Amino acid sequence: KADFVSAVSHDLRSPLTSIRMYAEVLKETWPDESKRTTYLRYIGEESERLSRLIENVLALARLENNDWAIQVALHDPASLLQRISNKLDPIAQRADYTLEVSIEPASGNILADEDALTQILHNLVDNAIKFSGEGEKRILLRHVRDHDQSVISVRDFGPGIPPEQMGKIFDRFYRIENEMTRSTRGAGIGLAIVKLLADRMNVRLNVVNRNPGAEFLLRYPLVS
């Protein structure tokens, strides 16, 4: 938890410092149009990053205090994923990633909480962006039917996850890199929230390495 406090402090301070710096430049000088557009884009991106961190911290607190009442309802998974993907596409675009969406009809419904699934997929897309490294800047969001299950997955095309880390990545505050040497941003709570929400919806969650990348899969039983 000491690492968590350190990481959150860093990730709160970093975007605030950037926002303040670019705001002061805009206030003190009058840059040309291209620079002004760039500065405003940086301010927008850093504000979005700050908002995501705060949302995750609040979500974790709500889950640990049992203040998030999961309310499942019947959904057509293809329609549900299409609605959610429309919210995720801007996140990928802001990071210069392409979100590829592949949706196979399910011929059945799933019991899901739309807000919870949105939070899960939001965090998985954000995680894919952070850990793709030098891999292709694209993310695959897809839905397939697998016998009596509806499978929703998020895949990146980065280096994948070291096998010895597979059992730890959903732990609260856990990060693969050492806090002193890490090259990616984040407080180590995004995947913990994914696991907590999946458990609350009684959804099977697992991750597998692909060639290349890693894929996170949510398996919902199909119901009539």
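Helices here are DSSP runs of H or I with at least four residues, strands are E runs of at least two, and both are numbered from the N terminus. Keep that in mind for all the views below, which come from a predicted model.

**Figure 1. The whole chain, to get your bearings.** The protein has 5 helices and 7 strands. Walk along the sequence and you meet them in the order α-α-β-α-β-β-α-β-β-α-β-β. Out of 224 residues, 45% count as buried. The exposed surface comes to about 11900 Å², and carbon and sulfur atoms supply 50% of that. Look at contacts with a separation of 6 or more, and you'll find that 73% of them link residues 24 or more positions apart.

**Figure 2. Zooming in on helix 5 and what comes after it.** Helix 5 covers residues 190-200, and its buried residues are Leu191, Ala192, Ile193, Val194, Leu196, Leu197 and Ala198. What do these buried residues pack against? Their partners are helix 2, helix 4, strand 6 (204-209) and strand 7 (214-221). Once helix 5 is over, look for Asn202, which has a positive phi near 60°.

**Figure 3. The largest nonpolar core, with Leu121 in the picture.** This core has 46 residues, and the ones touching the most other members are Leu121, Leu218 and Tyr220. Helix 4 (residues 114-131) gives the largest share, with 8 residues. Who does Leu121 touch, if you skip residues up to four places away in sequence? The list is Leu81, Ile84, Leu88, Leu141, Ile152, Val154 and Leu218. Here's a handy rule of thumb: in soluble globular proteins, nonpolar side chains tend to be buried together.

**Figure 4. A second core, separate from the big one.** This other core has 5 residues. Among them are Tyr22, Leu26, Tyr39 and Ile43.

**Figure 5. A nonpolar patch out on the surface.** Not every nonpolar side chain is tucked away: Leu12, Leu16, Ile54 and Leu58 make a surface patch of about 330 Å². Helix 1 (2-28) and helix 2 (33-64) are the elements that each give two or more residues to the patch. It helps to remember that an α-helix has 3.6 residues a turn, so residues three or four places apart point the same way. Leu58 sits in helix 2. Is Leu58 buried or exposed? Leu58 is exposed, because its relative accessible area is 52% and the cut-off for that label is over 50%.

**Figure 6. Two loop residues with positive phi.** Asp96 isn't a glycine, yet its phi is positive, near 60°. You'll find Asp96 in the loop between helix 3 (77-94) and strand 2 (98-103). Asp96 counts as exposed because its relative accessibility is 57%. Now jump to His147, another residue other than glycine with a positive phi, near 60°. Where is His147? His147 is in the loop between strand 4 (138-146) and strand 5 (149-155). With a relative accessibility of 68%, His147 counts as exposed too.

**Figure 7. A cis peptide bond in a loop.** Which two residues does the cis peptide bond join? The pair is Asn211 and Pro212, with omega at about 5°. To find the spot, follow the chain into the loop between strand 6 and strand 7, where Pro212 has its place.

Methods
Residues are numbered from 1 along each chain as its sequence is written. This is a predicted model: local features need pLDDT of at least 70, side-chain atom pairs count only at pLDDT 80 or more; totals for chains, interfaces and linings use all residues. Side-chain values use heavy atoms; hydrogens and water are left out. Patches are made of residues with over 30% relative accessible area and no salt bridge: like charges are joined within 9 Å, nonpolar side chains (Val, Leu, Ile, Met, Phe, Trp, Tyr) within 5 Å. Accessible areas come from the Shrake-Rupley method with a 1.4 Å probe; for residues, only the protein chains shown count as cover. A salt bridge is a side-chain nitrogen of Lys or Arg within 4 Å of a carboxyl oxygen of Asp or Glu. Buried means under 20% relative accessible area, exposed over 50%, partly exposed in between (1.4 Å probe, protein chains only). A nonpolar core is a set of buried Ala, Val, Leu, Ile, Met, Phe, Trp, Tyr and Cys residues joined through side-chain atoms within 4.5 Å. Contact means heavy atoms within 4.5 Å.
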